[in-house]
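Here's a quick briefing to read alongside the coordinates. It walks through one helix, one pocket and one strand residue.

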Amino acid sequence: MQQYSLFLDSYHAGALLVREADGAVRPAHRKEILAVARELIDIDDLRSQDLSNPGLVREFLRLRFNAALEHEVFGLILLDSQNHLIAYLEPFRGTIDQASVYPREVVKLALQHNAKSVMLVHNHPSGSVEVSSSDVALTKHLQQALGLIDVWVLDHFIVAGKEVISMAERGLI
């Protein structure tokens with residue numbers, strides 16, 4: 001994943017520039033500007049919403065994972081006691097068909113952000129919307145780990161292309 005920062009350059013009449021990981025600076029591409037803007041707007045819009053409605057989360061994830069990733073990403077939607085967004089994180093990145101997820105790290109992030117509940121998110125780069133047995137096993141394992149600290153797993157979303165499924169809606173949570 002390319003690491004860069006986007007910033008406004010007053011010297012170039014308000015041009016948006018990208019600072020690459022190696023320190024090089026270049027003008028931002030339209031796609032990069034829109035991606036950053038989309039992420040900021042969507043997250044800000046979600047903060048005041050009750051996210052117990054899977055439809056709102058599904059729309060956010062469609063935009064968030066709008067580019068077909070060639071690797072798995074595992075994310076967390078951390079919520080307060082009113083089911084309002086505290087943070088959206090993507091702490092784990094994997095290969096084309098799996099991502100290693102460490103329950104200890106998930107628990108640490110939930111505690112760090114003082115979350116009351118979480119929603120789990122990951123993508124299937126293959127485009128398959130089917131829930132695998134490893135998806136179910138991971139969800140149960142994380143439910144057990146987070147349950148020890150009174151943090152509830154409300155849902156686990158799987159993003160495959162433009163489709164987003166909810167394991168809770170399928171009765172798997």
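## Helix, pocket and a strand residue

Ser117 sits in strand β6. Keep in mind that this is a predicted model. Strand β6 also turns up in the packing around helix α4, and α4 in turn helps line the second largest pocket.

**Ser117**
- With a relative accessibility of 3%, Ser117 counts as buried.
- Skipping neighbours within four places in sequence, Ser117 touches Ile77, Leu78, Leu79, Asp80, Asn83, Val151, Trp152 and Leu154.

**Helix α4**
- Helix α4 covers residues 133–147, so 15 residues in all, and spans 21 Å from first C-alpha to last, close to the 21 Å expected at 1.5 Å a residue.
- Its buried residues are Asp135, Thr139, Leu142, Ala145 and Leu146.
- Looking down the axis of α4, those buried residues fall within an arc of 130°, so they line one face of the helix.
- On the face turned away from that buried side you'll find the exposed residues Ser133 and Gln144.
- The buried residues of α4 pack against β4 (73–79), α3 (103–112), β6 (117–123) and β7 (152–160).

**Second largest pocket**
- This pocket has a volume of about 250 Å³.
- It is lined by 14 residues, and the closest to its centre are Glu72, Ala99, Ser134, Asp135 and Leu138.
- Helix α4 supplies the largest share of the lining, with 3 residues.
- By type, the lining splits into 4 nonpolar, 7 polar and 3 charged residues.
- Asp135 shows up twice here: it is one of the buried residues of α4, and it is among the residues closest to the pocket centre.

Methods:
Residues numbered from 1 in each chain as written. Predicted model: local features only at pLDDT ≥ 70, side-chain atom pairs only at ≥ 80, totals over all residues. Heavy atoms only, no water. Helix = DSSP H or I, 4+ residues; strand = E, 2+ residues; numbered from the N terminus. Expected span 1.5 Å × (residues − 1). Buried < 20%, exposed > 50% of the residue type's maximum accessible area, 1.4 Å probe, protein only. Arc of directions from axis to C-beta. Contact = heavy atoms within 4.5 Å. 1 Å grid on protein atoms, 1.4 Å probe; cavity = no way out; pocket = protein on both sides within 12 Å on 5 of 7 lines; lining within 4 Å. Points joined across faces, edges and corners; volume = space filled by probe spheres on them. Nonpolar A, V, L, I, M, F, W, Y, C, P; charged D, E, K, R; others polar.
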